[in-house]
Amino acid sequence: MHPPAHDAGAPPFPDADLMYIVDLLPAAERDRYFTIRRFLQECVRQPSIEYWNREEFPFGLLADMGTYGLGALQLDGSSTLFKGLMYVELARADVSLSALAGIHNELILGMISQLGSEEQKARWLPGLRTFRHLGAFALTEPEHGSDIAGGLETSARLDGDTWVLNGAKRWIGAGTLADFALVWARDDADGEIKGFIVETDRAGYTATKIANKIGLRIMQNADILLEDVRIPAGNLLPGATSFSRTNELLRDSRAWVGWQGAGIQLAAFDVARAYTLDRRQFGKELARFQLVQQQLADILGNASASLALMVQLARIQEDGKLEMAQAAMAKATITRLARASVAMGRSLLGGNGISSDYEMGKLFGDAEILYTYEGTYEINSLIVGRAVTGKSAFT
């Protein structure tokens, strides 16, 4: 079921899958999983470090990811579990690229496929499936994050057969790279939040890279300014004429971050185990010390618990029973565990743990971003609290 260890000296459970989660996949998906995992570990993981250091985007790596079908997970008929485990392995190799692939599949591809017109699908989906085209999901604003549903200020006004958009967006992933942005704006006529495809070469559209981040440094987040941007009436997503339908896809996207949280914990375990088996102090490998083994076991325990939670979430999702409270609980719980796991990993590497050269410093920064985006830990906790008490604590 599992591939053999690479050499006789490899530790048991080289893939760190003590609960045999991958064995839940059918044979064809399991074979594909190992093929893509090998590609990500051999061709993406190490090269991503220097791109992360320089805050540069690896277009070549993205193209290679497209050849393995990672740009079409939402449309290729894959099981929910397989998609989730792909997000795990993407995050295990690089969290920024997992974020881009997740947003691309769950929000961009998903929105156009489910809410777009036939013309929009024909124009954009073929290129999106291979990462030849990129979209940006432009919802969050400079003054509105957690309260975006009620506070969104970006406006849309219909002028004949043209929409005119004005406003600002912040923290928009791939905003400086994308061919178009899915912009969420409030219609002046009826006050509803609607979705619009805005090509990034439109007059009045400006995207400025947000630099000096402590994590997800490969992801090119942007501030976007919309100044009297005019788009054809046909650029309105016909299925996104109110925020309620959009919120269903945002719920699924929130759940997707749970897979990322499991993946970064496996990455922390991989790095920490390899380091402690190689590093010698007081005449023996660090891995022989009791406190070291305890922390390795805690990291892997956190990761395995996170995976088990997500496997059950995948079952609920496939049954059509997923609600926001479940997605919020998974996201909050797993990113909290991820933060703890990566902190233990950093500790196990000592001083080398703060350097991206040893990977753990990179993971340490990226874990902070997972903890915050797609709803902060606190907001997701309050969503769960509201669900189990029937009382809202948001205001």
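## A buried alanine in strand β1

Let's start with Ala138, which sits in strand β1 (residues 135–138). This is a predicted model, and in it Ala138 has a relative accessible area of 0%, so the residue counts as buried. If you set aside the neighbours within four places in sequence, the residues in contact with Ala138 are Lys169, Ile172, Ala181, Leu182, Val183 and Trp184.

Gly175 is also worth finding in the viewer: the C-alpha atoms of Ala138 and Gly175 are 8.0 Å apart, although 37 residues separate them along the chain.

## How confident is the model?

The mean pLDDT of the chain is 92, and 96% of the residues reach at least 70. Confidence peaks in strand β7 (residues 222–232), with a mean of 98, and is lowest in helix α6 (residues 148–151), with a mean of 73.

Please read the start of the chain with care. Over residues 1–8 the pLDDT remains under 50, and the model gives this stretch 12 contacts beyond four places in sequence.

## Two residues with positive phi

Ala174 belongs to the loop between β3 (162–172) and β4 (180–187). Its phi is near 65°, a positive value in a residue other than glycine. With a relative accessible area of 4%, Ala174 is buried.

Asp228 also has a positive phi without being glycine, here near 50°. You will find Asp228 in strand β7.

## A buried arginine without a salt bridge

Now turn to helix α7 (residues 243–278), the home of Arg254. Which side chain of opposite charge is nearest to this buried residue? It is Glu374, at 5.1 Å, and Arg254 has no salt bridge. The cut-off for a salt bridge is 4 Å, so a pair at a greater distance is not counted.

Arg254 does have a polar partner: its side chain makes a polar contact of 3.2 Å with the side chain of Asn380. Beyond four places in sequence, the contacts of Arg254 include Met324, Ala327, Ala328 and Lys331. Glu374, Gly375, Asn380 and Ile383 are also among them.

## Salt bridges across the chain

The model contains 20 salt bridges. One of them joins the side chains of Arg217 and Glu55, with 3.9 Å from N to O. Arg217 is in the loop between β6 (205–209) and β7, while Glu55 is in the loop between α1 (27–54) and α2 (59–67), so this pair ties together parts that are 162 residues apart in sequence. Arg217 counts as buried because its relative accessibility is 15%, and Glu55 does so at 9%.

Another pair is Asp159 and Arg230, whose side chains meet in a salt bridge of 2.8 Å, N to O. Asp159 belongs to strand β2 (residues 155–159) and Arg230 to strand β7, so the bridge links parts 71 residues apart in sequence. Asp159 is partly exposed, with a relative accessible area of 34%, and Arg230 is partly exposed as well, at 39%.

## A bridge within one helix, and its network

Where do Arg92 and Glu89 lie? Both are in helix α3 (residues 80–93), three residues apart, or about one turn of the helix. They form a salt bridge in which the closest N and O atoms are 3.1 Å apart. Both Arg92 and Glu89 are buried.

This pair also takes part in a network of salt bridges that links Asp15, Arg37, Glu89, Arg92 and Asp270.

Key. Residues are numbered from 1 along each chain as its sequence is written. This is a predicted model: local features need pLDDT of at least 70, side-chain atom pairs count only at pLDDT 80 or more; totals for chains, interfaces and linings use all residues. Side-chain values use heavy atoms; hydrogens and water are left out. pLDDT is the predictor's confidence in each residue, from 0 to 100. Helices (H or I, at least four residues) and strands (E, at least two) are DSSP runs, numbered from the N terminus. Contact means heavy atoms within 4.5 Å. Buried means under 20% relative accessible area, exposed over 50%, partly exposed in between (1.4 Å probe, protein chains only). Lys and Arg count as positive and Asp and Glu as negative; His and the chain ends are not counted. A polar contact is a pair of N or O atoms within 3.5 Å; within protein, one must be able to donate a hydrogen and the other to accept it, and residues adjacent in sequence count only if both atoms are side-chain atoms.
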